[in-house]
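Here are some short notes to read beside the model. Keep the structure open and follow the points in order.

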Amino acid sequence: MRLEGIHHLTAVSAEISRNLAFYTQTLGMRLVKKSINQDDVSAYHLFYADGLASPGTDLTFFDFPVEREQRGTHSITRTGLRVAGEPTLAWWKEHFVELKIAHGPVVGRDGRLTLDFEDFEGQRLSLVDDGGAGDAHPWQRSPVPAEHQIRGLGPITISVPDLKPTDIVLTRALEMNRVREFVTPGGGNSTTHVYQMGRGGPAAELHVVVEPDLPIAQPGAGGVHHVAFRIPDQDYDAWAARLARLRIPSSGPVDRFYFRSLYFREPNGILFEIATDGPGFTADEPLESLGEKLSIPPFLENRRREIEAGLEPL
């Protein structure tokens with residue numbers, strides 16, 4: 001029983017229509033599910049992924065009318081988006097220049113070529129060369145050429161003021177392996193510690209930066225709500241029992257219809273989720289038309305008219 005890698009990452013946007021345009025048109029990702037926040041049905045929950053809506057490729061957003069995030073520690077600070085090869089990074093850099101998107105140079109980081117950039121709300125993102133490892137499932141209707149499309153998530157970077165309590169949870173409770181460390185770029189004397197899941201590689205890494213001198217982050221638009229880690233469907237009950245046995249306070253089992261979840265906070269307050277690969281986004285609509293209509297899970301379907309009336313048309 002182990003975590004296989006990153007399942008999805010959920011962030012916050014206060015301008016969901018611009019968000020939709022940026023992630024589907026500028027970044028060329030596929031909108032695979034137009035749904036709602038199941039805990040606050042007045043808000044959209046949009047899911048962007050690869051052409052097949054594969055687990056491990058989902059970058060999702062809650063639609064909250066909030067002020068911008070105040071950056072700091074105790075937070076998820078950067079989301080890696082995997083691409084293949086140096087020519088692809090060169091293509092993206094030219095693309096960002098043309099569209100006047102804030103970005104940095106292509107640099108080597110932890111042995112991989114990386115291109116940092118931000119969306120219009122200051123969401124911190126990086127394109128990371130994964131060497132073309134594993135399968136890719138481009139979206140045929142993407143404005144980005146297939147060979148340059150985003151392949152999935154990873155690594156994900158979090159900031160904590162104190163490594164020790166987080167390390168205990170990552171290594172003992174979640175059984176990640178602490179495999180290396182490197183000097184944090186632009187981080188003064190801070191160090192980034194790399195934790196590996198499953199078979200490893202950027203799709204299965206959590207990077208932990210130790211930054212005791214930063215203020216505590218305040219959540220908002222341009223910030224990240226939580227990160228989820230992948231498990232096979234059959235391991236779900238065992239993970240729920242493991243968290244209970246270790247006396248880690250958690251949500252207990254939560255059925256999100258498209259996957260099953262367990263939520264808990266690590267000792268520095270960052271929200272983690274453990275999520276199953278299945279049933280997947282084709283549970284309520286066919287693959288070829290994913291994201292084209294508002295999807296509401298069955299337990300909320302009887303409120304569809306009320307929910308639709310409260311949402312801004314997209």
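1. Start with the sheet. This is a predicted model. Its open sheet has 8 strands, in the order E6-E7-E8-E5-E9-E12-E11-E10, and the pairing is mixed.

2. Look at the edges next. Strand E6 (103-109) and strand E10 (177-183) each have a single partner strand, so one side of each is left without a neighbour in the sheet. From one strand to the next, the twist averages 25°.

3. Now take one pair of strands. Strand E11 (residues 191-196) and E12 run antiparallel, joined by 5 bridges. Within this pair, Gln-196 stands opposite Glu-205 in E12.

4. A helix packs on the sheet: H3, residues 163-173. Helix H3 touches E9, E10, E11 and E12. Its direction makes about 10° with that of E11.

5. Turn to the pockets. The largest pocket has a volume of about 640 Å³. It is lined by 24 residues, and the closest to its centre are Glu-4, Arg-82, Gly-134, Ala-203 and Arg-230. The lining splits into 7 nonpolar, 8 polar and 9 charged residues.

6. The second largest pocket holds about 530 Å³ of space. Its lining has 26 residues; Thr-77, Arg-78, Thr-157, Thr-184 and Val-209 lie nearest the centre. Strands E5 (75-83), E7 (112-118), E8 (124-129), E9 (152-160) and E12 (205-210) each give two or more residues to this lining.

7. Which element gives the largest share of the lining of the second largest pocket? It is E5, with 4 residues. By class, this lining has 6 nonpolar, 12 polar and 8 charged residues.

Methods. Residues numbered from 1 in each chain as written. Predicted model: local features only at pLDDT ≥ 70, side-chain atom pairs only at ≥ 80, totals over all residues. Heavy atoms only, no water. 1 Å grid on protein atoms, 1.4 Å probe; cavity = no way out; pocket = protein on both sides within 12 Å on 5 of 7 lines; lining within 4 Å. Points joined across faces, edges and corners; volume = space filled by probe spheres on them. Nonpolar A, V, L, I, M, F, W, Y, C, P; charged D, E, K, R; others polar. Pairing = 2+ DSSP bridges. Axes fitted to C-alpha atoms, helices over the stretch in contact; angles between N-to-C directions. Contact = heavy atoms within 4.5 Å.
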